Amino acid sequence: MIAKMKKVRVLALESRRRAVTEALRELGTLHIETRDAKSPDLDGLKETESRLQRAYLSIPEAKSGDAESPRVASLQDAEEIADRVLAASEALKDAHEQLDKLQREIARVEAWGEFDPSEIAEIAEAGLNLTFAYVTADQLSRLPEELRYLMVRKSKDKSRIILLDDPGDAELEVFRLPEQSLAELIDQRNQAEENLHSREAELASMQGEKLALFEGLKLCSVDIEFHSVQAKLDEIESLESLTYLDGYIPESNVKDLKDFVSAEGLGVIIQDPDPEEAVPTKVVNPRPIAITQPIFKFMDTTPGYREHDISFWFLIFFTLFVAMIIGDAGYGALLSIVSIVSMVIVKIRTKKIPNVLILFTVLSLGTLTWGTITGNWFGYGPIGQTPFLRQFVVPSLDAFEVVEADRVIETLLLFCFTLGMGHLLLAHFLNFLKKFRDKPRIHGFADLGWMTTLSGLYFLVLNLVISAEDYPIPDITLPLIIGGLVVVLLFDGQEGDGFFRGLGRTLNIGNLIHTFLTAISSFADIISYIRLFAVGLASLEIAKSFNLMAEGMMESGIFGLFAGILVLLIGHTLNLVMGGLSVLVHGIRLKMLEFSGHLGNEWTGFDYKPFKKL
C-alpha cells in the first residue's frame, strides 16, 4: 500500500538555519524536495561527485583477492585519490592512442616491405627523386613508355611501383614515406604494448583506491543532500527573523516530528497535500508482498502518490505468468534448489535473506507447480508419465497430448483468454473502488462500463480465435459491448460540476473516436494474453528438439554419448536463458502495460527519500 503523507512546513529563527538543517538530518524522516536547488557550493560538490565517479569507474573490478583501502577521513582525501587515479587513467588513454597510431602506421607501411627512409632521402639528395605509388592495371598500361619504374609487387587490384622519373601530370595514388623504417616502427609498437600493459596493471592494482572512492562518493552524496537543503533555505525569503522549510512526511511519523519541533523550539504546520501537488511515494507492504520491490527497482518504476500500489496483484499474476512462460517442471526444480540453497548460505553468512532471493524462490516453485500439472519435465514426456508424477497431471493440460492435441490447445487458449479477461476486469474494478471513495463518485461508474464491455469482448475473442463452433457468440454479447460503452460515455467525463456538463465533455467527435479506439484496444489486450501459451509452447518445442538431437547422438557409441550430454546441457541452458528473457519481455509487459493501462497507473511517481545521515 502507498503510505499516506502529510505536507509539513518547519519554521525556525533565521539565526538557527544551519543548526536546524543538522537537526532535521538527525531526525531522518522529512522528505525535502531539492531537485531544483542551486548554489555555487552545490555546483562544486556535483562537479566533485562527477570526478569521483569517473575515477571510480576507471578502475577495473578485481577478479579476486582483498585490497587495503587508503584512509578516507574527509572528502578532500577522496579528491586526492581521485586525482591520482585520473592521472593513471589519462596515461592509459595516451598509451592506447600511441599504440593505435603505431599499429595503423605499421599496417600502412608493411605492404612495401622493409626499407630505410633515410636511404631514400640520401638518394634524393644525390639527384634521384623516387616516387612510391599504387597503380591499377589500367593506369599501368597508360604510363608513358619512357617512364622508368620498378615493380615492387603486382596485383589484380592495385600494384605497387617505384617511379625513377617524374610522373608529371599522371594521376597516381602516391604512398607517403614513413619517418622510420618498418623494423623501428615494430620495435616502438612492442615498447608501446609494454607501456600499455604496465598502465593497465597500475590501474588494476588500485583496488584499495576503488574502495576509498566508493566511501568518498557516499560522503559527497551526504554533502550534496545537506547543501541542497541549505540552497532551498537560501532561496526562501525570510519573514523578518524567521525562515521555513517545506517537505513531506509519512502520517505514521507525524508524532515523532511534533516531539522533535517541541524539543528544538521550532514551529510546524502540518496539513494534507493539495490535490495537484507532486507528493513523494512511500510503498509499505508486509514482507511476503514486499518481495516484489526488486522488480520495480529494476524497472525504475514508482507509482504516483495518488495511483495504485499493485504489489500484491503483481506477485500473484507475475508468478503465474512466469510459470506459464517457462513452463517446465525440470527447470523449476533446478531453479528452486539453487534459490533455496542460496537462501540458506546467505542466511548463515548475513543473518538476513534479501527479497530478491525469496522472490526467485517463489517464481521457481510456481514454475515447478505449473510444469508438474502439465507433465513437462525437461521437454521429455516419459518423465511426466511415471506413476508418481502422472497423478499430478491435469489431462486437459497435458503437454504431451495424452488426450487429443486440439483439446489441449483449446483448453490452454481458453485459460489464457479467461486469465486475461479476469486480469483486466480486476484492474477496472480496483479503479472503480478507488474512484468511488472520492467525489464525484459517479465517475467510477465508467469503469463498470468498461468491465461490461470487456465481458462482451471476451465472448467475441473466444468465437474468433478459438472456435466458432465450440464458442458461438451469445445473444447478450452485443448489448454488453454497446451498453458498456454507453455507460462509459455517460460517466467518464463527470467531474462534479453537473451531470450534463460532464456529458458534454464526452459527447464530442474526438472523445467518441477515442472511446471506440479504446474498445478495439481492449479487444486486442485480451488476445495479447495468448503470448503465455505461445511462448510456453515454443519453449517446450525447443526442449523437445534438443532432446531428439541428443538422443540420436547417444546411439552412436561412447563419443556420441558424451556429445549428446553436451548438447543437452547447452540446449536446455540456452532454452532456460531464453525463457528468462521472455519473462522480461512478455510477463512484465502484461503487468506494466496491459494491466496498468486499464488500471490508470502512469508510474509518474518518485520515491520518498527522507533527509538523513547514512
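For the charge count I take Lys and Arg as positive and Asp and Glu as negative, leaving out His and the chain ends. With that settled, I opened this predicted model and started on the charges. I found 59 positive and 84 negative ones in the protein chain, and their mean positions lie 8 Å apart.

**Overall form**

I looked up the secondary structure next, and the chain has 22 helices and seven strands. Then I checked the radius of gyration, which comes to 36 Å for the protein chain, where a compact globule of 614 residues would be near 25 Å. The C-alpha trace spans about 105 × 85 × 65 Å along its principal axes.

**Surface and contacts**

I noted that 42% of the 614 residues count as buried. The exposed area of the protein chain is about 33,500 Å², and 59% of that comes from carbon and sulfur atoms. For contacts with a separation of 6 or more, I read that 78% join residues 24 or more positions apart.

**Two residues with positive phi**

I stopped at lysine 351, which is not a glycine yet has a positive phi of about 65°. I placed lysine 351 in the loop that runs between helix H12 (329-350) and helix H13 (355-374). Is lysine 351 buried or exposed? Its relative accessibility is 63%, so lysine 351 counts as exposed, the cut-off being over 50%.

Tryptophan 603 was my next stop, with a positive phi of about 55°, and again this is not a glycine. I found tryptophan 603 in the segment that follows helix H22 (558-599). Tryptophan 603 counts as buried because its relative accessibility is 16%, and the cut-off for buried is under 20%.

**Cysteine 416**

I finished with cysteine 416, and I located this residue in helix H16 (residues 405-437). The relative accessible area of cysteine 416 is 0%, so I logged it as buried. Which residues does cysteine 416 touch, setting aside those up to four places away in sequence? My list reads Met324, Tyr529, Leu532 and Phe533.

I also looked up a pair that spans the chain: cysteine 416 and glutamate 209 are 207 residues apart in sequence, and their C-alpha atoms are separated by 54 Å.

**Recap for my own use**

Lysine 351 sits in a loop between two helices and is exposed. Tryptophan 603 comes after helix H22 and is buried. Cysteine 416 belongs to helix H16 and is buried, with Met324 and Tyr529 among its contacts.

Note on methods. Residues are numbered from 1 along each chain as its sequence is written. This is a predicted model: local features need pLDDT of at least 70, side-chain atom pairs count only at pLDDT 80 or more; totals for chains, interfaces and linings use all residues. Side-chain values use heavy atoms; hydrogens and water are left out. Helices (H or I, at least four residues) and strands (E, at least two) are DSSP runs, numbered from the N terminus. The radius of gyration is taken over C-alpha atoms; the globule rule is 2.2 Å times the number of residues to the power 0.38. Buried means under 20% relative accessible area, exposed over 50%, partly exposed in between (1.4 Å probe, protein chains only). Contact means heavy atoms within 4.5 Å. Accessible areas come from the Shrake-Rupley method with a 1.4 Å probe; for residues, only the protein chains shown count as cover. The place of a charge is taken as NZ of Lys, CZ of Arg, CG of Asp or CD of Glu.
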